[in-house]
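Trainee: I would like to go through this structure with you. Could we start with the cysteines and then move on to other parts?
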Amino acid sequence: MKKEESIKEEERIKEEKSFFQKLKEGLAKTRDNITSKIDNIIFKGRKIDEELLEELEEILILADVGFATTTKIIEGIKQKAKERKLIESDDIKELLAEEIYEIMEKDEAPLEITSPTIILVVGVNGVGKTTTIGKMAGRFKRQGMKVLLIAADTFRAAAIEQLEVWASRVGCDIIRHDEGSDPASVVFDGIQAAKTRKSDIIICDTAGRLHNKKNLMDELKKIYRVIQREYPSAKLETFLVLDATTGQNAVQQARVFKDATDVSGLVLTKLDGTAKGGIVISIKSELNIPVRFIGVGEGIDDLQVFKSEDYIKALFE
């Protein structure tokens, strides 16, 4: 291996270690809420019995893993313990980690971003949608991609201004209209600009209020039609941004958006600020939508690519 390649590899390993450390720190509250409590119900001589499993069930539900998903996990643990003839309580953590891994890995394929890709970002107000877009833009820029932002949340003036601040901070182009403009027309102009400027990544902000109202969902469908008509050769991703601190409410939001739009991935924000990080497991189990990015801090570099293996490792280490 050449010296330059060796240095790059060392930097990559160092960056991965840094990301994992941030993830581990970000999941500290969830880890305390799950694994630390599990440690308290495991002791020498205790067997895997109904009482132990009921205590484990309560721990998982309180960590917002959700009732349906928790029931599935407990049944899986019972089955594995029976098949392997495991009777000691010490084996519970390993069995739990296996069950969670199977849920998180189901149908999971790595995110592949090719040029050109349009990322439509949806979600209710207050989840950190615009900030997430800014951080995504920064991440793609650091990877050497040409990024263009489209400010299609025209119902909220602050959203346009906030996105402009991020565009300036990251150093990428932005297409915007005045407050109250037709969102689909902003997307139309954004796509024309992206073609002319040969942008690799086009990230489109959308309105986030009244997520359960027909007019907003109709607006999103209109945007879809514009994208498919004007740039059919571009890969289209729809990322739903959810606030991890809202627990089961986030599952409901995901369900509503999945019914109305073609959600291809999730971004979970504020994972470092909650003890309810089990919501990641609940959403994947109930809706089978892959988690693509997670936010574990306030910094521009604190939006990480989600990897199931790292999540479980950080949760149980």
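Mentor: Certainly; please keep in mind that this is a predicted model. Cys 204 has a relative accessibility of 1%, so Cys 204 counts as buried.

Trainee: And Cys 172, is that one buried or exposed?
Mentor: Cys 172 counts as buried because its relative accessibility is 11%, and the cut-off for buried is under 20%.

Trainee: How many disulfides turn up in the whole structure?
Mentor: The search of the whole structure gives 0 disulfides. Cys 172 takes part in none, and the nearest cysteine sulfur to it, that of Cys 204, is 13 Å away. Because a disulfide requires two cysteine sulfur atoms within 2.5 Å, that pair does not qualify.

Trainee: Back to Cys 204, then. Which residue is its bridge partner in E1?
Mentor: Cys 204 lies in E4 and is the bridge partner of Leu 120. Strand E1 covers residues 117–122, strand E4 covers residues 201–205, and the two run parallel, joined by 5 bridges.

Trainee: Which other strand pairs with E1, and over how many bridges?
Mentor: Strand E5, residues 235–243, pairs with E1 over 6 bridges, also in the parallel sense. Within that pairing, Val 121 has Phe 239 of E5 as its bridge partner.

Trainee: How many residues of E1 are buried?
Mentor: Strand E1 is mostly covered, with 6 of its 6 residues buried.

Trainee: Which way do the residues point?
Mentor: Thr 117, Ile 119 and Val 121 point one way from E1, while Ile 118, Leu 120 and Val 122 point the other way. In a regular strand, side chains alternate between the two faces of the sheet. Here the residues of both groups are buried.

Trainee: Changing topic: what is the volume of the second largest pocket?
Mentor: The volume of the second largest pocket is about 330 Å³. Its lining has 18 residues, and those nearest the centre are Pro 110, Leu 111, Val 305, Phe 306 and Lys 307.

Trainee: Which helices and strands supply at least two residues of that lining?
Mentor: Those are helix H5 (92–105), helix H6 (129–142), strand E7 (291–295) and helix H12 (308–316). The largest share, 3 residues, comes from E7.

Trainee: And what is the lining of that pocket like by class?
Mentor: The lining of the second largest pocket comprises 10 nonpolar, 6 charged and 2 polar residues. Lys 307, one of the residues nearest the centre, belongs to the charged class.

Notes:
Residues are numbered from 1 along each chain as its sequence is written. This is a predicted model: local features need pLDDT of at least 70, side-chain atom pairs count only at pLDDT 80 or more; totals for chains, interfaces and linings use all residues. Side-chain values use heavy atoms; hydrogens and water are left out. Buried means under 20% relative accessible area, exposed over 50%, partly exposed in between (1.4 Å probe, protein chains only). Helices (H or I, at least four residues) and strands (E, at least two) are DSSP runs, numbered from the N terminus. Two strands pair if DSSP finds at least two bridges between them. On a 1 Å grid over the protein atoms alone, a cavity is a set of points where a 1.4 Å probe fits but cannot get out, and a pocket is an open set with protein on both sides within 12 Å along at least five of seven lines; lining residues have an atom within 4 Å of a point. Grid points are joined across faces, edges and corners, and a volume is the space filled by probe spheres set on the points.
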